[in-house]
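Trainee: I am new to this structure and would be grateful for a close look at a single part of it. Please take one helix, explain what surrounds it, and then place it within the whole.

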Amino acid sequence: PRPAGTGAAEYRPLVVAHRGASEDVAEHTLGAYRRAIDDGADALECDVRLTRDGHLVCVHDRRVERTSNGRGVVSEFALDELSTLDFGSWHPGLPDSADRLVDPDPDPERQSVLTFAELLALVVDAPRPLRLLVETKHPTRYAGLVERALVTELRRFGLHDPPDPDTAPVTVMSFSLLAVRRVAELAPRLPTVLLLNGIPVWLRTGTLPAGVRIAGPGVAAVTDQPHFVERVHDTGRKVYVWTVNDPADLDLVTSLRVDGIITDRPGYVLRRFGR
Ligand code: G3P
Ligand code: CA
């Protein structure tokens with residue numbers, strides 16, 4: 001069945017695979033992103049962190065325990081050390097892992113930590129136009145190192161200065177307004193998303209701060225403040241909502257006509273839209 005309110009055929013939100021098709025395959029692995037592409041996702045989402053030797057890697061948590069067989073803090077590993085860990089077959093019994101990982105990737109190459117450069121290569125070489133939403137983690141601790149490394153890597157791929165932000169292949173997101181502004185200074189035409197756990201009072205008019213093109217509230221914040229979406233739309237800006245996995249949440253964001261739906265289940269969401 002289609003979600004409530006999908007009658008208008010022209011409503012076609014960007015369906016974004018959160019950490020890859022992470023309901024089916026271990027998050028942030030090459031296998032998870034390949035599955036998302038096979039499922040038909042419009043875009044991929046990833047989190048990036050810096051290793052000790054300055055490489056951007058696709059890892060959500062500060063530490064590696066939840067998603068690998070190693071122990072320690074990502075930023076204390078060199079890339080070649082991190083590459084010895086298995087990120088594709090999580091230990092059973094760890095919180096979140098045993099019940100969520102239904103399809104561990106059997107290919108050892110695809111279990112390795114994914115570098116941001118490898119993910120960019122996947123996006124650039126994809127058989128159809130594909131977008132990437134990249135979120136910088138630990139922005140304040142390293143005083144802009146992550147954002148600078150990110151823009152440098154995008155420049156290497158010729159992706160840092162898109163002619164039109166509305167069709168740019170790469171969008172940068174952060175919960176930190178400081179980080180979003182740093183990116184906007186380094187690469188003014190890269191679209192940026194300010195992620196929001198809740199809608200702060202100062203944002204309830206829907207007017208986004210300078211340098212921010214898209215609002216990125218969590219679905220709980222939208223449930224709490226549904227008028228926020230319309231207010232942002234009234235200012236000519238977009239709203240991408242995370243992490244929309246449940247049918248009721250999908251119904252809500254569909255009825256509000258959000259512009260992007262970030263989900264662990266891209267195949268499911270696309271099927272609900274008849275795509
Ligand atoms: O896409 C935004 C969403 O990923 C933010 O939360 O914790 O999953 O990075 P988190
Ligand atoms: Ca994220």
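Mentor: Let us take helix 5, whose buried residues are covered by elements that include strand 4 (131–136), helix 4 (145–156), strand 5 (170–174) and strand 6 (192–196). Helix 5 itself spans residues 177–186, and its buried residues are A179, V180, R182, V183 and A184. As a general rule, an α-helix has 3.6 residues a turn, so residues three or four places apart point the same way.

One of the covering elements, helix 4, deserves particular attention. Two packed helices are described by the angle between their axes and the distance between the axes. Here the axes of helix 4 and helix 5 come within 10 Å and cross at roughly 35°, and the crossing is right-handed. On the side of helix 4, the residues that meet helix 5 are E147, R148 and V151; on the side of helix 5, they are A179, R182, V183 and L186. Sorted by class, this contact holds 4 nonpolar and 3 charged residues, with no polar ones. Of the residues of helix 5 in this contact, A179, R182 and V183 are also among its buried residues.

The setting should be kept in mind. This is a predicted model, with ipTM 0.99 and pTM 0.93. The protein has an average pLDDT of 90, and 87% of its residues score at least 70. Two stretches call for caution: pLDDT stays under 50 over residues 91–95, which have 5 contacts beyond four places in sequence, and likewise over residues 97–102, which have 9 such contacts. Where pLDDT is low, the predicted coordinates should not be read in detail.

Helix 5 is part of a protein with 9 helices and 9 strands. Of its 275 residues, 45% count as buried. Among contacts with a separation of 6 or more, 60% join residues 24 or more positions apart.

Helix 8 offers a second example of packing. Within this helix, residues 247–255, the buried residues are L250, L252, V253 and T254. They pack against helix 6 (219–224), strand 8 (238–241), strand 9 (260–263) and helix 9 (266–272). After helix 8 comes R257, which has a positive phi, near 55°.

The loop between strand 8 and helix 8 contains V244. This residue is buried because 29 other C-beta atoms lie within 10 Å, where 20 or more suffice. Beyond its neighbours within four places in sequence, V244 is in contact with V219, D249, L250, V253, I261, I262 and T263. V244 also lies 8.5 Å from G218, C-alpha to C-alpha, with their positions 26 residues apart in sequence.

In helix 9 one finds P266, which counts as buried because it has 30 C-beta neighbours inside 10 Å. Its C-alpha atom is 6.7 Å from that of V16, although the two residues are 250 apart along the chain. Apart from residues up to four places away in sequence, P266 touches V15, A17, A21, A36, D39 and A41.

Finally, there is the ligand. Around ligand 1 stand H18, E45, D47, H60, E135, L195, W242 and I262, a shell of 3 nonpolar, 2 polar and 3 charged residues. This leads back to helix 5: E135 and L195 belong to the shell, and their positions fall in strand 4 (131–136) and strand 6 (192–196), two of the elements covering the buried residues of helix 5.

Definitions and conventions. Residues are numbered from 1 along each chain as its sequence is written. Chains are lettered from A and ligands numbered from 1 in the order in which they are written. This is a predicted model: local features need pLDDT of at least 70, side-chain atom pairs count only at pLDDT 80 or more; totals for chains, interfaces and linings use all residues. A residue is buried if 20 or more other C-beta atoms lie within 10 Å of its own, exposed if 12 or fewer, and partly exposed in between; C-beta atoms are placed from the backbone. Helices (H or I, at least four residues) and strands (E, at least two) are DSSP runs, numbered from the N terminus. Two residues are in contact if their C-beta atoms, placed from the backbone, lie within 7 Å. pLDDT is the predictor's confidence in each residue, from 0 to 100. A residue is near a molecule or strand if its C-beta atom, placed from the backbone, lies within 6 Å of it. Ala, Val, Leu, Ile, Met, Phe, Trp, Tyr, Cys and Pro count as nonpolar, Asp, Glu, Lys and Arg as charged, and the others, Gly among them, as polar. Axes are lines fitted to C-alpha atoms, for helices over the stretch in contact, and angles run from 0 to 180 degrees between N-to-C directions. A crossing is left-handed if the near helix is turned anticlockwise from the far one by less than a right angle, and right-handed if clockwise.
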